[in-house]
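Please open the model in a viewer and keep the sequence panel at hand. The tour below proceeds by selection, and each stop states what is to be found there.

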Amino acid sequence: MDTVIDEAALMPKAGALEALHTAVAAYNAERGRVTNTLYVNMVLLFGGYVVLAGIFAYIAFTEIDKDIVGIVLGLLFFGGTVVWRVARAPSKRFQQDLRDRLLPLVFGFIDEVQYGHGVEPRFMGRMPGKELVRRDRSEHGDMIVGRHEGLTFTLSETELIAGSGKSRETTFKGLIFYFTRDEEFPGVLLVARKPNTVQLFIRDLFGGSTMPLVTSSNPEIDAAHEFRTDRPDAATPIVQGALAKALDYLSTEWRGDVVRLALRRRDCFMLLPSKKDFFELPPVDTPIDFDRHLKPMIRDLVALLAMAKLVSKIG
């Protein structure tokens, strides 16, 4: 499947483009003041803390009982992370404010577009659990909600976490693309990365899976994916037909890792592993350029929409 992207048609329209350039110009004009504040905070706040921490660390090693030196150093390290965050907070707020204003304009080709940050998407409560990916909680970054050519979707930067403390494990990090399909699957169909021996042991240790396995009859697809469903009769023709072809396409378009999918009635969840920040802006000391920093976001979203539309037609 070839995806042809008409960039000219997807660029913000005249009014939105003017507002976009105005927002970028205002940001670039204000950058100098924010950058100076950042440098001053780093030198005075964080630099001053480093000096004080060095003095306390010296006292801890020379004057304090060795049994509590580790506690003192741990507290100093924790204090350093807090001071670092406080010193960088103004520039972080400045960039987030820009994203709040810019991204709805950048993605103006999306109908009813909405942008959020750090908010749990509504679909999380409906997403299948451990058989798709283990998780005890989730953390969320940028989120885009909207509708494009009949496809209503939510795209969220998400990290899924299992366990806590020393046993904390990130089980997924990347994008979750949720949308509703025209075709309804009469049950649940899960497409996950095929577990290795250790992962399978851990999963079985915590209860295993109650859903039967089906296969695609394609050795390459089956080597990387595991298909589970509560309706093998309905899932088998889909898995061995359109879904296998779609996964073959997705593996060429998304090279980061194995794409996970979940179909539940009309709900579809597409999990795209990635370490990339898809809505990243340059550091505050770098001016924003529309072609370098904003156009790639449009291309990325269009490519993701093309993948979602392909999956939406499976049935």
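## Aromatic rings

Begin by selecting Phe107, Phe109 and Phe279, whose rings are linked pairwise into a cluster. The structure is a predicted model, and 8 aromatic pairs are counted in it.

Select next Phe177 and Phe179. Their rings form an edge-to-face pair, with 5.9 Å from centre to centre and 80° between the planes. Both Phe177 and Phe179 are buried.

Move then to Tyr178 and Phe269. Here the ring centres are 5.1 Å apart and the planes stand at 40°, so this pair is tilted. Because Tyr178 belongs to strand S4 and Phe269 to strand S7, the pair ties together parts that are 91 residues apart in sequence. Tyr178 has a relative accessibility of 9% and therefore counts as buried; Phe269 is buried as well, at 0%.

To complete this stop, display Lys276 together with Phe278. Lys276 lies over the face of the Phe278 ring, 4.8 Å from the ring centre.

## The nonpolar core

Which residues of the largest nonpolar core touch the most other members? Select Phe107, Phe177, Leu243, Met270 and Leu294: these hold that position in a core of 63 residues. Colouring by element is useful here, since the elements that give two or more residues to this core are H2, helix H3 (69-106), strand S3 (151-162), S4, H6, S7 and H7. H7 supplies the largest share, 11 residues.

Another core, of 15 residues, lies apart from the largest one; Phe123, Met127, Leu160 and Leu271 are among its members.

Now centre the view on Leu243. Leaving aside residues up to four places away in sequence, Leu243 touches Leu189, Val191, Phe227, Ile238, Leu261 and Ile314.

## Helix H6

Leu243 is also one of the buried residues of H6, so extend the selection to the whole helix, residues 232-253. Where is the kink in helix H6 centred? Look at Val239: the helix is kinked there by about 50°.

Show the side chains of Ala234, Ala235, Ile238, Val239, Leu243, Ala244, Ala246, Leu247, Tyr249 and Leu250, which are buried in H6. The elements that cover these buried residues include strand S4 (169-193), strand S5 (213-214), helix H5 (219-224), strand S6 (225-229), strand S7 (260-273) and helix H7 (290-312).

## Salt bridges

The structure holds 11 salt bridges, and three of them are visited here.

Select Glu112 and Arg147. They form a salt bridge in which the closest N and O atoms are 2.8 Å apart. Glu112 is in strand S1 (residues 111-117) and Arg147 in strand S2 (residues 137-148), so that the pair links distant parts of the chain, 35 residues apart. Glu112 counts as exposed, at 59% relative accessibility, whereas Arg147 is partly exposed, at 29%. Adding Asp111 to the selection shows a network of salt bridges that links Asp111, Glu112 and Arg147.

Proceed to Arg134 and Glu169, whose side chains meet in a salt bridge of 2.6 Å, N to O. Arg134 lies in the loop between S1 and S2 and Glu169 in strand S4, so this pair ties together parts that are 35 residues apart in sequence. Arg134 is partly exposed, with a relative accessible area of 30%, and Glu169 counts as partly exposed at 38%.

The next selection is Asp291 with Lys295, where the side chains form a salt bridge of 3.5 Å, N to O. These two residues are separated by about one helical turn, because they are 4 residues apart in helix H7. In an α-helix there are 3.6 residues a turn, so residues three or four places apart point the same way. Asp291 counts as partly exposed, at 48% relative accessibility.

## Helix H2

For the last stop, select Val40, which lies in helix H2 (residues 14-63). Val40 is partly exposed, with a relative accessible area of 43%. How far apart in space are Val40 and Ala87? A C-alpha to C-alpha distance drawn between Val40 and Ala87 reads 8.7 Å, while in sequence the two are 47 residues apart.

Key: Residues are numbered from 1 along each chain as its sequence is written. This is a predicted model: local features need pLDDT of at least 70, side-chain atom pairs count only at pLDDT 80 or more; totals for chains, interfaces and linings use all residues. Side-chain values use heavy atoms; hydrogens and water are left out. The bend at a residue is the angle between axes fitted to the seven residues ending there and the seven starting there. Buried means under 20% relative accessible area, exposed over 50%, partly exposed in between (1.4 Å probe, protein chains only). Contact means heavy atoms within 4.5 Å. Rings of Phe, Tyr and Trp (its six-membered ring) pair if their centres lie within 6.5 Å; planes under 30 degrees apart count as stacked, over 60 as edge-to-face and the rest as tilted. A charge sits over a ring if NZ of Lys or CZ of Arg is within 6 Å of the ring centre and within 35 degrees of the ring normal. A salt bridge is a side-chain nitrogen of Lys or Arg within 4 Å of a carboxyl oxygen of Asp or Glu. A nonpolar core is a set of buried Ala, Val, Leu, Ile, Met, Phe, Trp, Tyr and Cys residues joined through side-chain atoms within 4.5 Å.
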